[in-house]
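New to this one? Have a look at the model below, then take the walk through it that follows.

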Amino acid sequence: MQIKSYWESFVSILFPPLCVSCENVLLYQEEFICTTCRFYLPINDHYLFKQNGITRRLLGKAPIDAGAAYLSFSKSSLVQAIIHKLKYRKDQRVGKYLGRCFGIQLLASPFYANIDVVVPLPLHEKKKQIRGYNQSEYIAQGIAEAMSLPLNQADFIRVKNTETQTKKSRVERYDNVENAFSCVKPSVFENKHILLVDDVFTTGATIASAARTLAEQCHCKVSVAVLAIA
Ligand SMILES: [Zn+2]
């Protein structure tokens, strides 16, 4: 332990850890995000209310019980920098760390008190191979760890390798992700309360399709937790 911390100190002199948002050198005991960036981080209070930006946008599209986004995307370029790092620069530690922060927040809410299992929004196997990882899995790992809940990354999969959603219209996005997901073993989730986790919520088309599939195939209750809402 002592040797490890000497080594870590030595490495951190050569390569000091930087804030994922502003890239200033982190001070002792700062983790991933510096104190200044943390102060300005647009953290939502969605976890306190059943009606919020997430549940309103999913109304009539998916039968969800509760929903929350930890951060707001538009208010701050801080969040943009964090998401970029998580999504394109493979910094899985940031995802797990923010997942833990989100999980601690959700623990304070009555709406997430009876969650049975945390499930990340799956990527299609081919896409995961190309990217090398699924960023939602890291967020889900952090949430599960903070809430002391089991994590299931195996029994809910993406069966349709959809094209990217970014250049599609709202209607096209909904068609594109229809029947994109499937439960491998529906009995695993039967009568459970599932917390479905994703990174960024835009139109909600993808997470709505996933939540519908879970509810229909597994007769379970679904709530959603996304790291940031755009
Ligand atoms: Zn910073």
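What percentage of the 230 residues in the protein chain is buried? Buried residues make up 41% of them. Keep in mind that this is a predicted model. The chain is built from ten helices and six strands. Of the contacts with a separation of 6 or more, 74% are between residues 24 or more positions apart.

**The sheet**

Let's start with the strands. Four of them make an open sheet, in the order E1-E6-E5-E2, with parallel pairing. E1 and E2 are at the edges with a single partner strand each, so each has one side left without a neighbour in the sheet. From one strand to the next, the twist averages 20°.

Now zoom in on E1 and E6, which run parallel and are joined by six bridges. Leu71 has Ala228 in E6 as its bridge partner, and for Ser72 the partner in E6 is Ile229. Being at an edge doesn't leave E1 uncovered: eight of its nine residues are buried. Ala228 has contacts beyond its bridge partner, too: the residues it touches include Ala69, Tyr70, Phe73, Val79, Ile83 and Val200.

**Helices against the sheet**

Two helices can be described by how they lie against the strands. The angles here are taken to E5.

| Helix | Strands touched or crossed | Angle to E5 |
|---|---|---|
| H7 | E2, E5 and E6 | about 130° |
| H10 | E1, E5 and E6 | about 165° |

**The core**

In soluble globular proteins, nonpolar side chains tend to be buried together. Here, the largest nonpolar core has 63 residues, and those with the most contacts inside it are Ile143, Leu196, Val197, Ala211, Leu214, Val226 and Ala228. Among the elements giving two or more residues to this core are strands E1 (64-72), E2 (117-120), E5 (193-201) and E6 (221-229). Helices H4 (77-88), H5 (92-107), H7 (135-147) and H10 (205-218) also give two or more residues each.

**A closer look at H4**

H4 has twelve residues, and from its first C-alpha to its last it reaches 16 Å, close to the 16 Å expected at 1.5 Å a residue. Which residues of H4 are buried? They are Leu78, Val79, Ile82, Ile83 and Leu86. These residues cover an arc of only 125° around the axis, which puts them on the same side of H4. An α-helix has 3.6 residues a turn, so residues three or four places apart point the same way. The buried residues of H4 pack against helix H2 (35-40), E1, H5, H7, E5 and E6. Turn to the face of H4 away from its buried side, and you'll find the exposed residues Ser77 and Tyr88.

**One residue in a loop**

Finally, drop by Leu48, in the loop between H2 and helix H3 (53-58). Why does Leu48 count as partly exposed? Because it has 13 other C-beta atoms within 10 Å, while a residue needs 20 or more to be buried and 12 or fewer to be exposed. Leu48 and Phe111 are 63 residues apart along the chain, and their C-alpha atoms are separated by 8.1 Å.

Definitions and conventions: Residues numbered from 1 in each chain as written. Predicted model: local features only at pLDDT ≥ 70, side-chain atom pairs only at ≥ 80, totals over all residues. Core = buried A, V, L, I, M, F, W, Y, C linked by C-beta atoms within 7 Å. Helix = DSSP H or I, 4+ residues; strand = E, 2+ residues; numbered from the N terminus. Contact = placed C-beta atoms within 7 Å. Pairing = 2+ DSSP bridges. Axes fitted to C-alpha atoms, helices over the stretch in contact; angles between N-to-C directions. Expected span 1.5 Å × (residues − 1). Arc of directions from axis to C-beta.
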